[in-house]
Amino acid sequence: MAKNSGRSRTSSGSSSKTVIRKPLWRRVMRGVLIWGTALVLLAAVFLGTAVFFTMRELPDYSALKSSQNGQMIVVRARDGTELVSLGPSYGQWLPYNQIPQIMRDAIVSVEDRRFRDHPGVDPIGLLRAVYVSFTTGGRAKATSTITQQLARNVFLNNSRSMGRKAREAVLALALERKFSKDQILELYLNKVYFGGGAYGIDAASRKFFGHPATQLSTAEAAIIAGLVKAPSNYSPTADVEAAKDRGKVVLGLMAREGVISPSEVESTDFSQVTVAKEKGQNSVRYFTDWALPQLDTLLPDNKEPIEVWTTLDPAMQRAATQSIDANVPKGAQGALVSLEDDGAVLAMVGGTDYVNSNYNRATAAVRQPGSAWKLFVYLAALEAGYKPSDRVVDEPVTIDGWSPHNSSRNFAGEIDVRTAFAYSKNTVAAQLGNEVGFGTVASMAKRFGITTPINTKPAMVLGTSEVRVIDMTRAFAAVSAGGTSVEPYGITKVTTTSGELLYQHKSVRGQVLVPQYVAAGITDLLQTAVATGTGRAAQIGRPVAGKTGTTTSNKDGWFLGFSSGVTTGVWMGRDDAKPVGGLQGGHAPARAFADYMKVAVAKRPVRQFDTQLQLPEWQLEPDDEQLQGNPDDYYYVDENGQLVKPGDGVRPDEQQDGAGGSDQPQVPDYGPQSPPAANDDFLDQATGRGRNDDPALRQGAGVGSSGQRPQPRPVPTRAPIGAP
């Protein structure tokens, strides 16, 4: 039997070697380490490449200094003085060594205490934000470094997306590679937004404290540094106490960082901080809010700072504001627009307090004008052939079921047109409107610049259609300009801050709206309304022409008029259209008009009104017309309505060849404005002629001898004169 060789074998007869494998977690960690390192290296390569190319594309330092975040607009008055500065304000650029040390320390302490140590992005701050988020369960809130904030302000927007944050980090790293820490801090302090349109510490110091940033005290520097976190919450002009409390927090952070001592914190007296009065938050803003949007159509695309030269007169604007404040009834609002004859806006008030309400009642609000609307009724009547001296009848009248009454509740009987207008007789206005046509009155209003819808119901003659103050003022200014159109404007020129002219207003002669005799006639009526009628409170010691207006229950009070080339419209009332005591147009609005106009025309020569009627041929009486030229050239109308030449008794249409040089009727040319003749019945009914035997009318007050008031006479609706 063979012997065992002594080698150990397995049951299969083969040898085996024991294999020891590493734990799974070690293998996973090794893979994560390898791949993580690779990814980090790859990310570093990408980041380094991105930073390198971004750094190459960054503007140089001088270009960054000149870049701006928005357009600054300086608005100037007609005399060149600054009215208001709008948009971003950058103040004076301060080099690093001119920025007060306390200001540099304050901003670094509150915004980025490791500013001098990080490469543009603060990794310690990021880790702290992640830890806080992990332990509290909230969202990570990492505070951007000063360099990141600079990158965002100059190159990016305020989006919170991860993509924007990544671009911000790359830009910050590139900025740190290209510029020194001092340069970055200089850029930041001259560009960061501090609220109220102020960019940079100098603009903020001038806006909030009224002096350059080189003069900042410790308390003022702390307040400005505290604004970056939330400019609207801590603005000294909005809440001075909140701003001071925030400044104390900044001082505490500075003491913790060791840049100031606790004793300096205790000795800083915030009660000595004086906040500068904010400019431009007054009635001037009503004007700028109306005028500046016009730049969109006046200028090409432009982003550089500009200066806008306007028509506004500072002295007149102050007088306008004071006149409204002094005369507007308690609880009511007031508006005023004042124009030159060429349309230049001299003053504009859109309310009693711009800060409390920036709604511009001078240009945006629509209200009923009351009797001020009679301007258009009488313009239409004068154009149709009436003269100020013509006789009309103030009596009860009914038109299409509507029976107007006078504010005095009585009737004057037969009077002239001038008196009817001066005392604002509603019944006469109704008759005139009915005669010329309510559509004709509406057309006249549109012709004179009314842009709002106009109804043509009979009551429209009393001002039931809503209008804007600036439109009504424009209409009266057209009368002052002799019946030519007026287009309100507020901007005379626009220049860059370096003086380059971008826009210049060009005067355009207005279109003739009505003949001269119509403009003279309505001026006659308007002058009488102030001299002896409802507008007596508007007298200023020189010729004034104007008209009052009052709506139902004293909801609106108006006075509009002109003198010495200045036209002014005043409105008063409540925004909720509730009645206001003492608001009649001849009271508070007329007094405000007078107070303002005394200042507005004080240095202007007295201008007498042109009320001389130069009537067209078709409106002249025969005796007057004979004085105009050769009587042989005059034709009169016989009893059959035919034209007859004096001396031969032959009608022009019966002349034979050679007698008049033509076989065509020799009819005088009356011009395009001559209307067909009206019959006697029509004229009698319109003017009241032929009714003087009515005892009631002879009483002068609308009461007959029997003591009974006469009943309203129905007046049929008529087509306008000249209609077929």
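Me: Let me start with the term itself: a residue is buried when its relative accessible area is under 20%. This is a predicted model, and I'd like to begin with helix α3. Which residues of α3 are buried?

Reply: They are I102, M103, R104, D105, A106, I107, V108, S109, V110 and E111.

Me: Why is α3 called largely enclosed by the rest of the structure?

Reply: Helix α3 covers residues 101-111, and 10 of its 11 residues are buried, so the description fits. The cover over those buried residues includes α5 (146-155), α7 (181-191), α8 (201-209), α9 (218-227) and α11 (240-257).

Me: And what makes α7 largely enclosed?

Reply: Nine of the 11 residues of α7 are buried, so α7 earns that description too. Among them are I184, L185, Y188 and the charged-type names you might not expect on such a list, K181, E186 and K191.

Me: On to α16 and α19. Why is α16 called roughly perpendicular to α19?

Reply: The axes of α16 and α19 (residues 438-447) cross at roughly 105°. Angles of 65 to 115 degrees count as roughly perpendicular, and the crossing angle of roughly 105° falls in that range, which makes α16 roughly perpendicular to α19. The two axes come within 8 Å.

Me: Which residues of α16 meet α19?

Reply: F376, V377, L379, A380 and E383 in α16 meet T440, V441, M444, A445 and R447 in α19. By class, that contact has seven nonpolar, one polar and two charged residues.

Me: What is the share of α16 in the largest nonpolar core?

Reply: Helix α16 (residues 374-384) gives nine residues, the largest share. The core has 85 residues, and W373, F376, Y378 and F448 touch the most other members. Beyond its neighbours within four places in sequence, Y378 contacts residues including V417, F421, L432 and I522.

Me: Now the rings. Why is the pair Y193 and Y199 called tilted?

Reply: Stacked needs under 30 degrees and edge-to-face over 60. The planes of Y193 and Y199 are 45° apart, so the pair falls between those limits and is tilted.

Me: How do you know whether Y193 and Y199 are buried or partly exposed?

Reply: Y199 has 16% relative accessibility and counts as buried. Y193, at 33%, is partly exposed.

Me: What makes the pair Y286 and Y354 edge-to-face?

Reply: The angle between their planes is 80°, and the cut-off is over 60. Y286 lies in α13 and Y354 in the loop between β5 and α16, so the pair ties together parts that are 68 residues apart in sequence. Both Y286 and Y354 are buried.

Methods:
Residues are numbered from 1 along each chain as its sequence is written. This is a predicted model: local features need pLDDT of at least 70, side-chain atom pairs count only at pLDDT 80 or more; totals for chains, interfaces and linings use all residues. Side-chain values use heavy atoms; hydrogens and water are left out. A nonpolar core is a set of buried Ala, Val, Leu, Ile, Met, Phe, Trp, Tyr and Cys residues joined through side-chain atoms within 4.5 Å. Buried means under 20% relative accessible area, exposed over 50%, partly exposed in between (1.4 Å probe, protein chains only). Helices (H or I, at least four residues) and strands (E, at least two) are DSSP runs, numbered from the N terminus. Contact means heavy atoms within 4.5 Å. Axes are lines fitted to C-alpha atoms, for helices over the stretch in contact, and angles run from 0 to 180 degrees between N-to-C directions. Angles under 35 degrees count as roughly parallel, over 145 as roughly antiparallel, 65 to 115 as roughly perpendicular and the rest as oblique. Ala, Val, Leu, Ile, Met, Phe, Trp, Tyr, Cys and Pro count as nonpolar, Asp, Glu, Lys and Arg as charged, and the others, Gly among them, as polar. Rings of Phe, Tyr and Trp (its six-membered ring) pair if their centres lie within 6.5 Å; planes under 30 degrees apart count as stacked, over 60 as edge-to-face and the rest as tilted.
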